[in-house]
Amino acid sequence: MDEVLVTDGRALKHVQVREYVRSLVTGCAPGSPAPSERELVHRFGVARMTVRQAMDALVVEGLLERIPGRGTFVARPRRTASKITGYTEEMNRRGLLAESQTLLARREQAGPGVARALSLSEGDAVIHWRRLRRADAKPMCLEDAYLNEVLLPGFLQSGMPTSLYDALESRGLRPTWAEDSITADKATPEEATLLEVEAGASVLRHSRRAIAGEKVVEVSRTVYRADRFTLWVQLGQDS
């Protein structure tokens, strides 16, 4: 692999190391070990800091990943995701008129599940916002959103916004990543009344953990009428 090396100055040593490592690991299976720093220091006759700079660049790029206590390995391909949308945006995309009715908006103490999802301690302050959401004037879902109050000072006092994600964006906290899950279930009597379906009717339970940068800004639990809501998922294959 010596053909990848160049010798045009000390300033490019980390580039030489980086491209040498790239040539070795490109096409390797995820989890394959990368060359050790000691091996690279010996091969190139450079300082460990130079090797670390080269490896750092490949980690940031997503080609390598470090596992504490084990070493550096070929990374799994990064996931691609659809654009994160709120309820109003999603209904507009479907050609439906979105409306929301606030049923509850208050400060609460985080229970164990919410605290864990928001990366808080149990009992920390959270904002609980419950809304009945309609599409074309008919109930579509019942949503409970939990927000980290520390990140949103004055949120309850400023009047509830039309769009949560727009409000988060105005504070520099619009989610950049979200983890969603959805399961089938039956409506409880309370849910059935609000959604205007029979008790025990089929519903879809959707959970979301939304993250802005490194901060978890929202955890939500939404119950959709199964007769009105279809989940669309786009799939593809890397070339």
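**Exercise 1. Place D144 in the fold and describe its surroundings.**

D144 lies in strand 5. The model used in these exercises is predicted. Is D144 buried or exposed, and which residues does D144 touch?

*Solution.*
- Step 1. The relative accessibility of D144 is 11%. Buried means under 20% relative accessible area, so D144 counts as buried.
- Step 2. Leaving aside residues up to four places away in sequence, D144 touches H128, W129, R130, V219, S220 and R221.
- Step 3. Take W129 from that list. D144 and W129 are 15 residues apart in sequence, and their C-alpha atoms are 5.8 Å apart in space.
- Step 4. Turn to the side chain of D144. A polar contact of 2.7 Å joins it to the side chain of H128. Another polar contact, at 3.1 Å, links the side chain of D144 to the side chain of R130.

**Exercise 2. Locate V150 and decide whether V150 is buried or exposed.**

*Solution.*
- Step 1. V150 sits in the loop between strand 5 (138-148) and helix 6 (164-170).
- Step 2. The relative accessible area of V150 is 70%. The cut-off for exposed is over 50%, so V150 is exposed.
- Step 3. D124 is 26 residues from V150 along the chain, and the C-alpha atoms of V150 and D124 are separated by 9.3 Å.

**Exercise 3. Describe how helix 1 and helix 2 cross, and which residues make the contact.**

*Solution.*
- Step 1. Helix 1 covers residues 13-25 and helix 2 covers residues 37-44; their axes come within 11 Å and cross at roughly 120°.
- Step 2. Angles of 65 to 115 degrees count as roughly perpendicular and those over 145 as roughly antiparallel. Helix 1 and helix 2 are therefore oblique to each other.
- Step 3. The crossing of helix 1 and helix 2 is right-handed.
- Step 4. Helix 1 contributes K13, Q16, V17, Y20 and V21 to the contact, and helix 2 contributes L40, R43 and F44.
- Step 5. By class, the residues of this contact are five nonpolar, one polar and two charged.

**Exercise 4. Give the crossing of helix 2 and helix 3, and sort the contact residues by class.**

*Solution.*
- Step 1. The axes of helix 2 and helix 3 (residues 48-61) come within 9 Å and cross at roughly 115°.
- Step 2. This crossing of helix 2 and helix 3 is right-handed.
- Step 3. On the helix 2 side are E37, R38, L40 and V41, which meet R48, V51, R52 and M55 in helix 3.
- Step 4. The contact of helix 2 with helix 3 has four nonpolar, no polar and four charged residues.

Conventions. Residues numbered from 1 in each chain as written. Predicted model: local features only at pLDDT ≥ 70, side-chain atom pairs only at ≥ 80, totals over all residues. Heavy atoms only, no water. Helix = DSSP H or I, 4+ residues; strand = E, 2+ residues; numbered from the N terminus. Buried < 20%, exposed > 50% of the residue type's maximum accessible area, 1.4 Å probe, protein only. Axes fitted to C-alpha atoms, helices over the stretch in contact; angles between N-to-C directions. Parallel < 35°, antiparallel > 145°, perpendicular 65-115°, else oblique. Left-handed = near helix turned anticlockwise from the far one by under 90°. Contact = heavy atoms within 4.5 Å. Nonpolar A, V, L, I, M, F, W, Y, C, P; charged D, E, K, R; others polar. Polar contact = N/O pair within 3.5 Å; in protein donor to acceptor, adjacent residues only side chain to side chain.
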